[in-house]
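This note addresses the charged side-chain pairs of the structure shown below. The points are numbered for ease of reply.

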Amino acid sequence: MSSGDIGRPSKARFCPHGYAGLAIIVAAEALLFAGNSLVGEWFTPIVWTGFLLFVDALVCRAQGRSLFVNDRLELLVIAVVSIACWWLFEFYNAPRFWSSDLELWWHYHNLEPNLYLRRVGYDWAFATIFPAMFLTAELFAATAFSRLRVARRVALPRALLFVLIGAGALMAVVPLLFVSKWLVPFVWLSFIFLLDPLNALRGWPSLTEDIARGDWRRLAALLAAGGACGVLWEFWNYWAATKWTYTVPYLGGVKLFEMPLLGFLGFPPFAVECWAMYVFCRSLLTPSARAVEKNWRGLWPTSGE
């Protein structure tokens, strides 16, 4: 599949690891509600590992290939980028960590007291974020949006791309200079404006280039995946023993699970932002876009098998 082109290879059977993933989800839920304290503490990374296995099997059935089956090395790259980028978001959440342990927007509770194990839990959970959204987006692209027709072309002028990059850079810096709970939208939007136009100018896959061709499928799939994963994140988090809560100034008391209702609007652009960040980081590992362009399928480059 070329950049932005969601092909329809022959369908495969549902892979065994999908059943394993479903079993992990069901077992984790059962043990959680049975009061198992170990599962309650590690519930988030456990259940999301099961989710990754299950959704990957669905993607493989729909497309005939998937990250776990064909592109495990790329899955590792995505997971490492996911960990690194979420630690960046953690820095935004506590930008003055050297002088205060005050977290601005989200707060963790009932954490593992052993700092080494806590770090394992953090990184394990963070490693599932990007893969979960990208696999879910691939599933949407292969099913709900597989027949989405070419729509209106929106080609942004080159000068406007530089304006967006500048605006994104400013939005990325401002929350670090001026610590305020009101600036949380900047965190979830800044890297879209900064990196997606930059990826386009550098010849890498981008939503900017997609919509210039009139192809809105990747954008639609990412937005839908962000929304779907966001609901699941908050649903599973609500019941976990080790969990997070929020402090936001926008109708913070009106909640679904632990998330203020308005906060759910941040998940769709969050998926777009994460993909732009991944593409940019991925570009640093390859000399040029041409080296992977012919093998770029959907949301990540494949092994070319």
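Which side chain meets that of Asp123 in a salt bridge?

1. The partner is Arg119, with an N to O distance of 2.9 Å. The model under discussion is predicted, and this distance is accordingly a computed value.

2. Asp123 and Arg119 both belong to helix H5 (residues 115–127); because they lie four residues apart there, about one helical turn separates them. Asp123, at a relative accessible area of 18%, is buried, since the cut-off for that class is under 20%. Arg119 is partly exposed, its relative accessibility being 43%.

3. In total, the model contains eight salt bridges. One of them joins the side chains of Glu74 and Arg282, at 2.8 Å from N to O. This pair connects distant parts of the chain: Glu74 sits in helix H4 (residues 72–93) and Arg282 in helix H11 (residues 267–283), with the two positions 208 residues apart in numbering. Both Glu74 and Arg282 are buried.

4. A further salt bridge is formed by the side chains of Asp210 and Arg213, with 3.1 Å between N and O. Asp210 is buried at a relative accessible area of 2%, whereas Arg213 is partly exposed at 29%.

5. The contact between Asp210 and Arg213 should be read in its wider setting: a network of salt bridges links Asp210, Arg213, Asp215, Arg217 and Arg218. As a general matter, side chains of opposite charge can pair when their charged atoms come close.

How values were computed:
Residues numbered from 1 in each chain as written. Predicted model: local features only at pLDDT ≥ 70, side-chain atom pairs only at ≥ 80, totals over all residues. Heavy atoms only, no water. Salt bridge = Lys/Arg side-chain N within 4 Å of Asp/Glu carboxyl O. Buried < 20%, exposed > 50% of the residue type's maximum accessible area, 1.4 Å probe, protein only.
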